[in-house]
Amino acid sequence: MYKNISNCTSLVVIMSCNRLLRLSTSVQNLLRADIQGLGSWQCRIRKILPTVTGRRYKHGVPDSLSCSWLMHDKHLELKFNDVVMRLDYVWLRDHCRSASCYNPKTNQRSLDTAQVDLAIKPAKIRSDNDAIYITWPDNHMTKYALSWLAKYSFEGQVQIVQPRILWNAAVYKEAEMPYVTYNSVMESDEELKKFLETFLLYGIAFIDEAPASVEATETVALRVGLIRESIFGRMWDFTSDFSRGDTAYTKVALDRHVDTTYFQEPCGVQLFHCLRHDGTGGRTLLQDGFNAAENVRNENPHHFEVLTKVPIKHEFIENIGGCHNHMIGIGPVLNVYPWNNELYLLRYNNYDRTIISTVPHDVVHQWYVAHRALTTELRKAENEIWVKLKPGKVLFVDNWRVLHGRDAFTGYRRLCGCYLMRDDVLNTARFLGIKI
Ligand SMILES: C[N+](C)(C)CCCC[C@H](N)C(=O)O
Ligand SMILES: O=C(O)CCC(=O)C(=O)O
Ligand SMILES: [Fe+2]
């Protein structure tokens, strides 16, 4: 699949960025359709190549090679700092940032894109050191800073939505996470930023020396994001009293899982704070689900693909005391962005997975084989870390990526925490200057 398109320079740039970023089949087909529409892609490359060495390119600045361009039928080929960008004319017109097309105060477009002729072509192009200037057929002029194009063009992107460090036990140990305290995070944006950087890269992070109370847990939660209220409450605080219809509320061991797989959008982030434990056992298991999934992808891409395609239903039915809940969420175990195949959400919970009736028997069987491959990977001891949660130690878990579980335990154990809105955690991170 790769070989067919490996002549396409823009794709090579992206693929070399990260091994995750194989273009999805649908994008490849789209590209291939485009290639076929234009006749032979190779011919086209050959036609373009001599121009790259100079002759047919128009150079913006006579003595500089920093910017040069070539007008094609539907797009502008622009070379800047050795990157060749291919910019569709409609895209260029649509992204005009002039005062009549765009309001920088609200960051909103005023231009009505539907009024743009889909066959639009620049009437005139000129450039200087920093920008190119396109005059459109109606005489409207757009200035594009070259740095802006380099940043926002398709070719300028590192096609990763969220950079991550995948880990197993050894990698995690070596990473030596920064020690962050409750007071430092509450007082200093820099400390909060340090904490969030760790959390976003690894999917888990701790805040230590917190007061052992629900109130302090809530306070620190709100420093990081907005609380996502759910059927379990806003802040939850529980013991093994079986007050709810779920094994979490007992003393038995819980195998690795992520929570709320039975929500159409599972909760993005979860906080755990053990306020008291007088007894034995009850350690917490944590592991990077994306690392395990990537190992499956490397060893057997078919298994990986099956897990991204077969829709699986999870369900929570509860009728206990005053609690009457029936939640359903449907989606594949592995969720990838369709444009770059990057993993973004894992829906893995063997307790809450309900009857599979979405696919026929032969696909079901393939799914079980693929699911077994993932489970086998997850159950390797080298992929697990175990921690004992103690009063004062607040654990933040990316519930779309990192699985948790626990040992069976004895004695009185009180755990509190909450879910956070994922978008709002990212919002806090961006406000602090984290590029994500
Ligand atoms: C106690 N706490 C609210 C954190 C979780 C309860 C949810 C447990 C459920 N089986 C799940 O995995 O989603
Ligand atoms: O008791 C624990 O440590 C965790 C239980 C659990 O999985 C949960 O509350 O989501
Ligand atoms: Fe859980």
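## Fold, ligand shells and strand pairing in a predicted model

The protein's secondary structure comes to 14 helices and 23 strands. Helices (H or I, at least four residues) and strands (E, at least two) are DSSP runs, numbered from the N terminus. This is a predicted model: local features need pLDDT of at least 70, side-chain atom pairs count only at pLDDT 80 or more, and totals for chains, interfaces and linings use all residues. Residues are numbered from 1 along each chain as its sequence is written, while chains are lettered from A and ligands numbered from 1 in the order in which they are written.

Of the 436 residues in the protein, 29% are buried. Buried takes 20 or more other C-beta atoms within 10 Å of the residue's own; exposed takes 12 or fewer; partly exposed lies in between, with C-beta atoms placed from the backbone. Among contacts between residues at least 6 apart in sequence, 71% join residues at least 24 apart. A contact needs C-beta atoms, placed from the backbone, within 7 Å of each other.

### Annotated spans

Two domain annotations come from an unreviewed UniProt entry. "Gamma-butyrobetaine hydroxylase-like N-terminal" covers residues 72-149. Over residues 72-149 the chain is 13% helix and 38% strand, with end C-alpha atoms 18 Å apart. "TauD/TfdA-like" covers residues 176-419. Residues 176-419 are 28% helix and 31% strand, and the end C-alpha atoms lie 26 Å apart. UniProt positions are given in the numbering used here, feature names are shortened, and annotations may be inferred rather than shown by experiment.

### Ligand shells

A residue joins a shell if its C-beta atom, placed from the backbone, lies within 6 Å of the ligand. Around ligand 1 stand Phe232, Trp236, Phe238, Asp246, Ala248, His257, Asp259, Thr260, Asn349, Tyr351 and Asp352. That shell divides into 5 nonpolar, 3 polar and 3 charged residues. Ala, Val, Leu, Ile, Met, Phe, Trp, Tyr, Cys and Pro count as nonpolar, Asp, Glu, Lys and Arg as charged, and the others, Gly among them, as polar.

Ligand 2 is surrounded by Ala248, Leu254, Asp259, Thr284, His404, Arg406 and Leu415. Its shell has 3 nonpolar, 2 polar and 2 charged residues.

Gly405 sits in strand E22 (residues 402-406). Gly405 counts as partly exposed because it has 17 C-beta neighbours inside 10 Å. Not counting residues up to four places away in sequence, Gly405 touches Leu254, Asp255, Arg256, His257 and Leu285. Ile312 is 93 residues from Gly405 along the chain, and their C-alpha atoms are separated by 21 Å.

### Strand pairing

Two strands pair if DSSP finds at least two bridges between them. The table lists four pairs.

| Strands | Sense | Bridges | Facing residues |
|---|---|---|---|
| E7 (124-127) and E8 (131-135) | antiparallel | 4 bridges | Ile125 and Ile134 |
| E8 and E9 (141-145) | antiparallel | 5 bridges | Ile132 and Tyr144 |
| E14 and E21 (394-398) | antiparallel | 5 bridges | Phe272 and Leu395 |
| E14 and E23 | antiparallel | 9 bridges | Asp278 and Tyr412 |

E8 has two faces. Ile132 and Ile134 form the covered one; Ala131, Tyr133 and Thr135 form the uncovered one. A hairpin joins E7 to E8 through 3 residues. The hairpin of E8 and E9 has 5 residues between the strands, and Asn139 there takes a positive phi near 75°.

E14 is mostly covered, with 8 of its 10 residues buried.

### Helix H14

Which residues of helix H14 (residues 422-431) are buried? They are Arg422, Val425 and Ala429. These residues lie on the same side of H14, because they cover an arc of only 65° around the axis. The arc is that of the directions from the helix axis to the C-beta atoms. An α-helix has 3.6 residues a turn, so residues three or four places apart point the same way.

The cover over the buried residues of H14 includes helix H9 (189-202), helix H10 (214-224), strand E14 (269-278) and strand E23 (412-420). The face of H14 turned away from its buried side carries exposed Asp423, Arg430 and Phe431. Just after H14, Gly433 takes a positive phi of about 95°.

Methods:
Contact = placed C-beta atoms within 7 Å.
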